[in-house]
Amino acid sequence: FHEVLSNERTSSYMREHNHLNGWSSDENDWNEELYPVWKRGDPRWKMSWKGGHMQVNLTSDSPALVGSNITFTVKLVFPRCQKEDADGNIVYEKNCRNDTGPSPDPYVYNWTAWTEDGDWGNGTNQRHHVFPDGRPFPHHHGWRKMNFVYMFHTLGQYFQKLGRCSANVSVNTTNMTLGPQLMEVTVYRRHRWSYVPMAKVKTVYVVTDQIPLFVDMSQKNDRNLSDETFLRGLPITFNVLIHDPSHFLNESAIQYKWNFGDGTGLFASNNHTLNHTYVLNGTYSFNLTVQAAVPGPCPSPTPRPPKPTRSSLPAGDNPLELWETPDENCQINRYGYFKATITIVDGILEVNIIQMTDVQIPPPQPDNSLMDFVVSCQGTIPKEVCTVISDPTCQIAQDTFCNPVDVGDMCLLTVRRAFNGSGTYCMNLTLGDDVSLALTSTLVSVPGRGPGSPSRMVNGVLVSVGSLAILVAVIAFLVYKKHKEYKPVEDSTGIKDKGLNAFLNHAKAKFFSGSREKDPLLKNSPGNL
């Protein structure tokens with residue numbers, strides 16, 4: 001087996017590993033008559049599949065903590081216009097043309113017909129229903145529709161499986177050697193009363209004694225979550241993500257020890273999420289240690305020291321030496337570590353709309369209504385302002401516009417926007433600089449322009465948008481920021497328009513992440529903000 005599955009490598013390396021449960025030694029004999037072996041470079045590989053080149057993908061959920069299970073998945077990628085049907089046959093897709101044109105035969109491989117014409121599935125001849133080592137196929141439900149044989153090989157051992165266009169195998173890592181290892185898979189297909197090799201594929205997986213983990217760091221108003229630069233004075237959320245696809249740690253008591261590097265000390269908790277606020281600018285070293293008690297090997301019994309002889313004992317009587325008998329379910333501690341360098345800077349912390357005013361326009365009045373919004377903010381001075389005007393539910397965007405901002409030393413500005421007629425609108429407003437984005441939302445009631453309409457001075461009931469608008473904005477904002485990296489806006493005039501476009505994309509995606517509308521080209525004259 002090792003000569004077939006390991007490209008003729010010697011097996012001396014393999015014998016050093018422990019036995020994997022359910023796997024067999026690759027010193028077993030291979031049935032080359034039923035499963036022919038082709039060397040690398042053999043021209044028959046190019047003709048092993050009808051109608052094109054078959055691809056095989058092999059993946060794993062590595063890395064795996066020692067003691068947990070690791071799963072390997074093999075998927076066959078058929079040539080264009082081919083697929084597997086419900087009976088396990090390979091057929092041509094209807095209304096699909098490949099490079100060779102449509103085929104008069106709907107089947108690429110009609111294994112059902114082979115079964116009906118011969119003795120493959122009637123049980124009279126079991127010689128063909130075996131794996132390369134001679135073991136019979138398992139006759140579970142649907143086994144006759146499985147026309148591929150998958151040979152998994154690692155650590156000097158193999159596992160054989162009958163399957164369809166995909167197969168997966170889970171292996172317990174308790175007896176595996178720590179470090180990177182190689183998994184190789186060879187795939188055969190049925191061909192009448194024998195099998196034809198189709199492909200070989202391999203992948204590297206890792207078994208470790210440290211808990212695999214990652215820490216996701218997020219912060220409100222932070223413009224770029226991927227650069228590990230955050231804002232002073234706002235809490236950062238640290239969320240620990242443990243890679244445990246086999247749920248090995250589900251029953252373990254897990255403890256988290258946090259050190260934020262700012263002199264606040266060591267925090268210990270059993271919660272995988274923690275908020276922390278840095279109050280000074282600077283660079284800090286963040287360290288996290290995760291500890292989990294997991295099932296592990298029990299230590300060998302050790303003798304206790306003999307008890308001292310008491311004077312009351314008769315002469316010649318010696319106390320028995322007692323041996324510690326360890327519990328059958330022993331546990332050991334496993335640890336995981338994460339480190340990051342965090343930079344804290346100043347940014348825009350908060351933005352508020354403090355006044356709305358309907359702009360009086362002398363006749364003849366335009367079709368659109370103009371509104372002025374007085375906006376204040378806390379923190380650094382913004383460089384850009386972007387607004388998204390939508391329907392009252394804050395779901396459907398109607399107009400989006402961005403402007404550069406120059407407000408001096410005090411963050412107080414007036415933003416003028418046009419509304420298409422009277423009614424109620426939802427407006428989302430965002431202020432941004434190189435490192436931060438701050439947003440707010442409000443409902444805007446635009447009065448009518450009829451002769452009897454009241455004065456259009458709306459010093460407003462500036463109620464922030466109800467729970468619906470805020471929920472939509474905040475959720476979209478957080479989801480967007482987790483997946484999109486913002487680019488800082490340059491000061492040079494030649495790059496400013498690109499910065500505005502990027503800023504527009506940021507703001508619109510935060511409020512309308514599900515919208516498919518394209519962003520408008522920012523060719524409007526700036527005019528009033």
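Start by selecting strand E16, residues 254–259, together with E17: the two run antiparallel and are joined by four bridges. Since this is a predicted model, treat each stop on the tour as a feature of a prediction. Now pick Tyr256 and look across to E17, where Ser269 is its bridge partner.

Widen the selection to the sheet around this pair. Five strands make up an open sheet, in the order E14-E20-E19-E16-E17, with mixed pairing. Its edges are strand E14 (229–231) and strand E17 (266–269), each of which pairs on one side only. Turn the view to follow the twist, which averages 30° from one strand to the next. As background, strands of a sheet pair through backbone hydrogen bonds, either parallel or antiparallel.

**Next stop: strand E23**

Select residues 384–390, which make up strand E23. Is this strand enclosed or open to the outside? Seven of its seven residues are buried, so E23 is largely enclosed by the rest of the structure. Show the side chains: Glu384, Cys386, Val388 and Ser390 point one way, while Val385, Thr387 and Ile389 point the other way, and all are buried. In a regular strand the side chains alternate between the two faces of the sheet.

Now add the partners of E23. Strand E24 (residues 397–404) pairs with E23 in the antiparallel sense over seven bridges, and here Val385 stands opposite Asn403. Strand E26 (residues 423–432) also pairs with E23 in the antiparallel sense, over seven bridges, and there Glu384 stands opposite Gly432. Before moving on, zoom in on the hairpin of E23 and E24: six residues lie between the strands, and Cys394 takes a positive phi near 65°.

**Aromatic rings**

Select Phe419 and Tyr425 to see a tilted aromatic pair, 5.1 Å centre to centre with 55° between the planes. Both partners are buried: Phe419 has a relative accessible area of 1%, and Tyr425 has a relative accessibility of 6%. The structure holds 28 aromatic pairs. For a larger selection, try Phe1, Trp30, Tyr35, Phe131, Phe137, Tyr158, Tyr188 and Tyr195, which form one aromatic cluster.

**The nonpolar cores**

Which residues have the most contacts inside the largest nonpolar core? Select Trp49, Leu76, Phe148 and Phe152, and you have them; the core has 33 residues. Colour the strands that each supply at least two of its residues: E2 (55–60), E4 (69–77), E7 (107–109), E8 (148–154), E10 (166–172), E11 (179–191) and E12 (194–208). E12 gives the most, with five residues. In soluble globular proteins, nonpolar side chains tend to be buried together.

Centre the view on Phe152 and show what surrounds it. Beyond its neighbours within four places in sequence, Phe152 is in contact with Trp23, Phe72, Val74, Gln157, Tyr158, Phe159, Val169, Met183, Glu184 and Val185. Tyr158 may look familiar, as it also belongs to the aromatic cluster. Then move to a second, separate core of 27 residues, which includes Leu213, Met217, Leu249 and Phe286.

**Zoom out**

Finish with the whole protein on screen, with its four helices and 27 strands. Of its 529 residues, 43% are buried. Among contacts with a separation of 6 or more, 68% link residues 24 or more positions apart. Switch on the surface for a last look: the accessible area comes to about 28,400 Å², and 51% of it belongs to carbon and sulfur atoms.

Note on methods: Residues are numbered from 1 along each chain as its sequence is written. This is a predicted model: local features need pLDDT of at least 70, side-chain atom pairs count only at pLDDT 80 or more; totals for chains, interfaces and linings use all residues. Side-chain values use heavy atoms; hydrogens and water are left out. A nonpolar core is a set of buried Ala, Val, Leu, Ile, Met, Phe, Trp, Tyr and Cys residues joined through side-chain atoms within 4.5 Å. Buried means under 20% relative accessible area, exposed over 50%, partly exposed in between (1.4 Å probe, protein chains only). Contact means heavy atoms within 4.5 Å. Accessible areas come from the Shrake-Rupley method with a 1.4 Å probe; for residues, only the protein chains shown count as cover. Two strands pair if DSSP finds at least two bridges between them. Axes are lines fitted to C-alpha atoms, for helices over the stretch in contact, and angles run from 0 to 180 degrees between N-to-C directions. Rings of Phe, Tyr and Trp (its six-membered ring) pair if their centres lie within 6.5 Å; planes under 30 degrees apart count as stacked, over 60 as edge-to-face and the rest as tilted.
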